[in-house]
Every structure is written in C-alpha cells, then in structure tokens.
Amino acid sequence: MTNRQARIFAIASTTIAAIIFVVLTLDTHRQIDKLTNTENLTAEVEQGMVVWHKNNCINCHTIFGEGAYYAPDLTKITKHRSVPYLTAYMRDPSQFYNEQKHRRLMPTQDLSEKEIADLISFLDWVSNVDNQGWPPRPIRVTGSGTSEGFRADEIAEGVTPVDSDDDLRAIGQQIFRTAQPACTSCHSTEPDVDMAGPSLAGLATHAAEIIESPDYKGEATNIEEYIRESIVAPDAYLVPGDMYSSGGTSFMPSGYKTSFNKKELEQLTAYLATLK
C-alpha cells in the first residue's frame, strides 16, 4: 500500500466510523423518551429522587451501575419486591434483618410515609427504564437451588425421578427459578434461610399442619390445594411475622393468579409439593 493509499484508507475509515457514531447517537436520542420511561416522570418520582439523594442511599446501594456495592443493587427492585414489602421494610429494616446473623443492617432512616411512597415511586420508575437486560441477574438468596436442573434430593421420598422434559416437578422447578418475579428472589429451599419470604424447606409438611390448624381460614383441603392457594391468593393464610405481611395483606406479589396459566400452576405446585 502506497502512502497515498494509506492516507485515503485512513480518511475513509475515519469518516465511516464518524458517520456510524453520529447515526447511533441520533438514534439513541430519538429513543430516549421511550427507553427512559419519560411519560411516567411524575412529581412523586422527582421527589423520590430527592429522598434517595438526601439520605445518601447511593453510599450503599447501586442503581444504573452507579453507587456502592455494600448493599444490593436496586435497579430492578420493584420487579422483585412488592410495594407493601418495600413500605414495611423502609419503615423499620430491623424487622427484616439481624445484624449479628447477617453481619450488616440497613439503618432506620426515619422516613415519613410520604417520603417512603415517593422513594418507592422513584425506584419503580428506575425499574421500568429499558436497560437492555441489565442488570443480568435478579436478586438471589442462599439455598435457592442450582441451575443444573432438577435435583433428585429435592424429590419427595418414594418418588422416582423421570426425564425432565416430561416431569411436572422438573418443569415446575424451572418455573420456580424463572417466573417474573422469580420465586427464588424471595424464597430459599434451605432450612431456616428466611429472606423476603419464609424458607420453603419442608413446605409440604408445614402445609399439612397448617390445614389442620384452627387458625387456618382458607379453602384448601390437601397439600396441593394449599400450595396452589398460597400462590394465587397469598392473603388466605398469612405466615406469622411482621416481615411477611402487614394489615392483613401478604407481601407476596398478587399477580401470579393471572401470570401463570393452569398448566404452569400445576407444574409449580407439583415441584413445591416435593419439598418435605
């Protein structure tokens, strides 16, 4: 290649790269309103951002990749936690985590009810911004299971595992991990690992005990019915403890009744019934 050819090549490649950069920049600006959920930038969202900065939440938490990593990333928090849960948590975080057990504790910020509502509005706006699939992982908890497939040791005694393509329980476990929001975001299958939701270890055994309890006012008559009821009507029976409900309302998302079809609900119930 001669000097003249090299010069032409450099100029041409730089020009092409510059044109591509300009086109991509203009295309990004064209989509900003849609990608950033602009139509939902309400006064409450703006006030929530003020609360976020005033209380230095970014010193521990991260949103949009900015902030500290001492505490969980909150970019998609309202996709994984319900508004009643977040409200109760912000009122008194000490009811949800123990400093001795978890080695860290969110300080009580003494927020007013209006500040809490505004902050949740802000976090919900953040959660609905189109980040092209980022962050890539939802919140996970210890003991939420592996990603290799259905584990034989999670099948109830006396049940023979079958091919995962045909086994309702195996498919149900995948639903447990991939539902929106994922069940693994709040529940563990390890004993005594209670996070946003109670541990599901021994669920089938506990279900049988609850149905026989005089405190149970639901409509289930067997384990499978109780599990199904817990998914589609979580207020039917409230697990004791302020960290799981408030004012007679469960913190568990109530949208699974419509997001799961009949077959998916059957598959998820079949898996959860193996947790004895």
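What follows is a walk through a predicted model of a single chain, from its overall make-up to its cores, cysteines and salt bridges.

Start with the broad strokes. The chain runs to 276 residues, and 38% of them are buried. Its secondary structure comes to 11 helices and four strands. Among contacts with a separation of 6 or more, 60% join residues that sit 24 or more positions apart. As for the outside, about 16,400 Å² of the chain is exposed, with carbon and sulfur atoms supplying 55% of that area.

On to the inside. The largest nonpolar core has 27 residues, and the members that touch the most others are Trp52, Tyr85, Phe96, Leu119, Phe122 and Leu123. Three elements each give two or more residues to this core: helix 2 (43–54), helix 4 (83–91) and helix 6 (113–127). Helix 6 hands over the largest share, seven residues. Trp52 shows how this plays out for one residue. Leaving aside residues up to four places away in sequence, Trp52 touches Cys57, Ile58, His61, Ile63, Leu74, Leu119, Phe122 and Leu123. Another core lies apart from this one; it has 22 residues, including Leu200, Ile231, Phe260 and Tyr271.

Helix 4 deserves a look of its own. Along this helix, Tyr85, Leu86, Thr87, Ala88, Tyr89 and Met90 are buried. Their cover includes helix 3 (77–80) and helix 6.

Helix 2 also meets helix 6, and a glycine helps to show where. Gly48 is part of helix 2, and its relative accessibility of 0% makes it count as buried. Beyond residues up to four places away in sequence, Gly48 touches Asp118, Leu119 and Phe122. Ser121 makes a good yardstick here: the C-alpha atoms of Gly48 and Ser121 are 6.4 Å apart, although 73 residues separate the two in sequence. Leu119 and Phe122 turn up in the contact list of Trp52 too.

Next come the cysteines. A disulfide is a covalent bond between the sulfur atoms of two cysteines. The count of disulfides here is zero, and two cysteines help to show why. For Cys57, the closest cysteine sulfur belongs to Cys60, and the gap of 8.6 Å is too far for a bond, given that the sulfur atoms would have to be within 2.5 Å. Cys57 is nonetheless buried, at 15% relative accessibility. Cys186 tells a similar story: the closest cysteine sulfur is in Cys183, 8.7 Å away, which is again too far for a bond. With 13% relative accessibility, Cys186 counts as buried as well.

Back at the surface, helix 1 (residues 3–35) holds Ile16. Ile16, Ile20 and Leu24 make a nonpolar surface patch of about 300 Å².

Charged pairs come next, with five salt bridges in the structure. One of them joins the side chains of Arg30 and Asp27, with N and O 2.5 Å apart. Both residues belong to helix 1, where they are three residues apart, about one turn of the helix. An α-helix has 3.6 residues a turn, so residues three or four places apart point the same way. The two partners differ in how much they show: Arg30 is exposed, with a relative accessible area of 60%, while Asp27 is partly exposed at 28% relative accessibility.

A second salt bridge pairs Arg91 with Glu113, their closest N and O atoms lying 2.8 Å apart. This pair links distant parts of the chain, given that Arg91 is in helix 4 and Glu113 is in helix 6, 22 residues apart. Arg91 is partly exposed at 41% relative accessibility, and Glu113 is partly exposed at 45%.

Another salt bridge brings together the side chains of Glu266 and Lys263, with an N to O distance of 3.9 Å. Both are in helix 11 (residues 262–272), and because they are three residues apart, about one helical turn separates them. Glu266 is partly exposed, with a relative accessible area of 36%, and Lys263 is partly exposed too, at 45%.

Notes
Residues are numbered from 1 along each chain as its sequence is written. This is a predicted model: local features need pLDDT of at least 70, side-chain atom pairs count only at pLDDT 80 or more; totals for chains, interfaces and linings use all residues. Side-chain values use heavy atoms; hydrogens and water are left out. A nonpolar core is a set of buried Ala, Val, Leu, Ile, Met, Phe, Trp, Tyr and Cys residues joined through side-chain atoms within 4.5 Å. Buried means under 20% relative accessible area, exposed over 50%, partly exposed in between (1.4 Å probe, protein chains only). Contact means heavy atoms within 4.5 Å. Patches are made of residues with over 30% relative accessible area and no salt bridge: like charges are joined within 9 Å, nonpolar side chains (Val, Leu, Ile, Met, Phe, Trp, Tyr) within 5 Å. Accessible areas come from the Shrake-Rupley method with a 1.4 Å probe; for residues, only the protein chains shown count as cover. A salt bridge is a side-chain nitrogen of Lys or Arg within 4 Å of a carboxyl oxygen of Asp or Glu.
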